[in-house]
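Biologist: I would like to learn how to read a model like this one. Could you take me through it feature by feature?

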Amino acid sequence: MKEEHEKEHQRTEEMYQKNQAEVDKIAKERDELHKQADKAFEDGNKSLGFELREKAKAKTKELEQASKQASRAVFNAKNAKNDKYTVDLHGLHANDAIDLLKERMDEIKGSKKQFTIITGAGNHSDANGPKIKPMVHKLLKEQNITFEEVNNGSITCTI
């Protein structure tokens, strides 16, 4: 079981890496614009500095969009075999996982069917512990949705 879990984690990481190339390219471009802006300000060219900062801000928005697209691609791949009443968030970036979960919840709202949310136990999180599971708990509580932990990495509820 642990070996299978590690293989799944590795597959998720590989999907992210595949989709991460564009994100990394945009981040590098943004960082270079920030450096150029700093240099322009140091050289006394405030007009160019402000222009470059605006371009860097635009790159930040582009970066966020590319990151969301990468997360959606991973989400779609991980959930390709699941019906719409089971969602696997395990291994996704936490904020993107919550955004994608909200989309799915909106899609099935009012169905009165059991909904399973796979959060993972947080074994691959940093020293601060699980990220997705507490955020899912918070979301469900905020929406007054009763839920039950099936095991350390799965939650069920009715939406």
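Modeller: Let's start with confidence, as this is a predicted model. The chain has a mean pLDDT of 90, and 94% of its residues reach 70 or more.

Biologist: Where in the chain is confidence lowest, and where is it highest?

Modeller: The general idea is that coordinates should not be read in detail where pLDDT is low. Here the lowest mean, 85, belongs to helix H1 (residues 2-42), and the highest, 97, to S2.

Biologist: Then let's look at S2. Which strands pair with S2, and in what sense?

Modeller: S1 and S2 run parallel and are joined by three bridges. One of the pairs matches Thr86 with Thr116 in S2. Between these strands the chain passes through H3, giving a right-handed β-α-β crossover. With strand S4 (residues 154-158), S2 pairs in the antiparallel sense over five bridges; there, Ile118 has Ser154 as its bridge partner.

Biologist: Is Thr116 buried or exposed?

Modeller: For that, compare relative accessibility with the cut-off: under 20% is buried. Thr116 has 18%, so this residue counts as buried. Beyond its neighbours within four places in sequence, Thr116 is in contact with Tyr85, Thr86, Val87, Ile155 and Thr156.

Biologist: How should I read helix H3?

Modeller: Begin with its span. H3 (residues 94-108) has 15 residues and reaches 21 Å from first C-alpha to last, close to the 21 Å expected. Next, ask which residues are buried: among them are Ala97, Leu101, Arg104 and Ile108. Their cover includes helix H2 (46-78), strand S1 (86-88), strand S2 (114-118) and helix H4 (132-142). Just after H3, Gly110 takes a positive phi of about 85°.

Biologist: An arginine in that buried list catches my eye. Why does Arg104 count as buried?

Modeller: Arg104 counts as buried because its relative accessible area is 12%. Arg104 also forms a salt bridge with Glu107, with the closest N and O atoms 3.8 Å apart. These two residues are three apart in H3, so about one helical turn separates them.

Biologist: Which salt bridge links distant parts of the chain?

Modeller: Look at Arg72 and Glu103, whose side chains meet at 2.7 Å, N to O. Arg72 is in helix H2 and Glu103 in helix H3, 31 residues apart. Arg72 is partly exposed at 34% relative accessibility, and Glu103 is partly exposed at 39%.

Biologist: And how many salt bridges does the whole structure hold?

Modeller: The search finds 15. Some form a network, which links Lys25, Glu29, Lys59 and Glu62.

Note on methods
Residues numbered from 1 in each chain as written. Predicted model: local features only at pLDDT ≥ 70, side-chain atom pairs only at ≥ 80, totals over all residues. Heavy atoms only, no water. Helix = DSSP H or I, 4+ residues; strand = E, 2+ residues; numbered from the N terminus. Expected span 1.5 Å × (residues − 1). Buried < 20%, exposed > 50% of the residue type's maximum accessible area, 1.4 Å probe, protein only. Contact = heavy atoms within 4.5 Å. Pairing = 2+ DSSP bridges. Right-handed = clockwise from strand over helix to strand, strands pointing away. pLDDT = per-residue confidence, 0-100. Salt bridge = Lys/Arg side-chain N within 4 Å of Asp/Glu carboxyl O.
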